[in-house]
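I opened this entry to record two items: how a pair of helices is arranged, and what surrounds the ligand. The structure comes first, and my notes follow.

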Amino acid sequence: MTSSAFISGATGFIAQHIIKQLLEKGYSVVGSVRNESKGENLKKNFATDRFTYEIVDDLETVGAFDEALKKHPEVTIFLHTATPVTFEAEDNEKDIILPAINGTVNVLKAIKSTAPQIDKVVLTSSIVSQIDLGSVHTIVDELAWNDLSYDTAKSNGFAAYCGAKTFAEKAANDFVKKEEPNFTVSTIHPVYVFGPQAFDSEAKGHLNLSNNFISELLVLKEDQNAEVPKEYGSFIDVRDVAAAHIREIEKPSNGLRVITKSGDFFSQELLDIINRNFPQLHLTKGRPGSMPFARKIDDTKSRDYLKIDYIDLENSVRDTVKQYIEANDL
Ligand code: NAP
């Protein structure tokens with residue numbers, strides 16, 4: 001008998017790769033989407049009866065997941081990926097923070113009250129729940145916590161996203177402590193996620209937030225004297241993030257807040273990779289230079305646990321850009 005998993009936010013960049021890998025491994029998958037046309041599009045792309053969808057139009061409605069879960073007594077695993085992934089909002093609290101916290105609590109409550117057969121929950125958290133926003137020099141590891149206050153989190157979009165991920169994870173921990181459910185909750189903590197979309201058709205136009213570090217460079221033509229952004233950070237390829245979720249399902253880490261990080265990047269380095277692999281784009285050369293700075297992340301325990309041979313920056317960027325060029329006729 002195949003195992004069956006429920007995944008929230010099935011339309012997402014990371015979620016689609018998780019679903020793809022689960023289906024390849026023989027699982028059945030039920031995904032939650034916000035409307036029927038999004039669900040039908042996914043069904044067409046996955047093209048198997050083992051993928052079905054349920055509509056959950058608002059993460060925050062009390063009991064949002066109850067009906068969807070009642071319909072699927074076969075599901076024993078829940079992956080919660082859905083949350084607003086943005087650093088810009090009209091109202092940081094309402095649009096970013098509350099959906100993250102309330103969505104997570106709604107998922108856990110629904111499982112406890114309507115799906116007692118589910119014994120594993122994996123939350124897609126983020127490195128931002130571990131970083132110290134007050135100091136870029138603090139070394140981040142699996143045990144570290146972002147100590148952002150709620151008021152500071154509301155003050156700008158980036159802080160709101162960092163707070164949202166942190167508060168949602170803390171809310172899940174509080175739920176487990178208080179409710180003692182018969183499921184485990186584990187968390188995966190990706191750094192910025194690069195890589196191709198699960199389907200070429202999804203690479204048309206605007207890409208998801210984290211791939212913007214790459215796509216924003218594709219308009220910097222060599223004859224326009226364009227300024228290269230000075231962004232930097234750590235990256236992981238989406239296919240490895242998906243594999244980490246599946247590893248957590250199949251061989252639980254027992255409480256490790258699993259960091260997924262392949263390496264560091266800065267914009268000029270991304271541009272060099274694109275120019276090396278796609279000279280036909282005639283992009284600016286920029287000014288070759290070295291990595292300005294990167295936060296130190298000690299992910300030794302996570303690497304020992306995951307044992308994934310991570311996709312490197314060159315391959316991740318090349319695959320992302322190749323798909324983007326083809327999908328957009330560049
Ligand atoms: P994404 O492509 O923007 O996917 C987000 C998903 O959440 C989509 O399915 C979206 O639905 C859904 N969603 C957003 N707001 C919602 C709301 N208010 N109600 C219901 N559904 C909502 O983002 P992603 O990059 O795949 O991120 C997935 C997860 O990974 C998130 O939890 C994110 O915090 C985490 N993460 C991402 C990165 C990264 O670099 N990408 C790094 C670390 C952690 P629609 O398609 O209908 O909008």
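Helix pair. I looked up helix α4, residues 92–114, against α6, and found that their axes come within 8 Å and cross at roughly 20°. I noted that the model is a predicted one. Angles under 35 degrees count as roughly parallel, and I therefore entered α4 and α6 as roughly parallel to each other. For the hand of the crossing of α4 and α6, I recorded right-handed.

Ligand shell. I next asked how many residues surround the ligand, and which are the closest. The shell holds 23 residues, with T11, K38, T81, Y161 and K165 as the closest. Sorting the shell by class, I obtained 11 nonpolar, 9 polar and 3 charged residues.

Polar contacts. I then went through individual atoms of the ligand. One of its nitrogen atoms lies 3.0 Å from an N or O atom in the side chain of S210. Backbone atoms also appear in my list: a polar one of T83 is 3.3 Å from a ligand oxygen, and a polar one of P84 is 3.4 Å from a ligand nitrogen.

Cover. On its own the ligand has 900 Å² of accessible area, and I noted that the protein covers 86% of this. I listed the elements that give two or more residues to the shell as α1 (13–24), α6 (157–179) and β8 (192–194).

Conventions:
Residues are numbered from 1 along each chain as its sequence is written. This is a predicted model: local features need pLDDT of at least 70, side-chain atom pairs count only at pLDDT 80 or more; totals for chains, interfaces and linings use all residues. Side-chain values use heavy atoms; hydrogens and water are left out. A residue is near a molecule or strand if one of its heavy atoms lies within 4 Å of it. A polar contact is a pair of N or O atoms within 3.5 Å; within protein, one must be able to donate a hydrogen and the other to accept it, and residues adjacent in sequence count only if both atoms are side-chain atoms. Accessible areas come from the Shrake-Rupley method with a 1.4 Å probe; for residues, only the protein chains shown count as cover. Helices (H or I, at least four residues) and strands (E, at least two) are DSSP runs, numbered from the N terminus. Ala, Val, Leu, Ile, Met, Phe, Trp, Tyr, Cys and Pro count as nonpolar, Asp, Glu, Lys and Arg as charged, and the others, Gly among them, as polar. Axes are lines fitted to C-alpha atoms, for helices over the stretch in contact, and angles run from 0 to 180 degrees between N-to-C directions. Angles under 35 degrees count as roughly parallel, over 145 as roughly antiparallel, 65 to 115 as roughly perpendicular and the rest as oblique. A crossing is left-handed if the near helix is turned anticlockwise from the far one by less than a right angle, and right-handed if clockwise.
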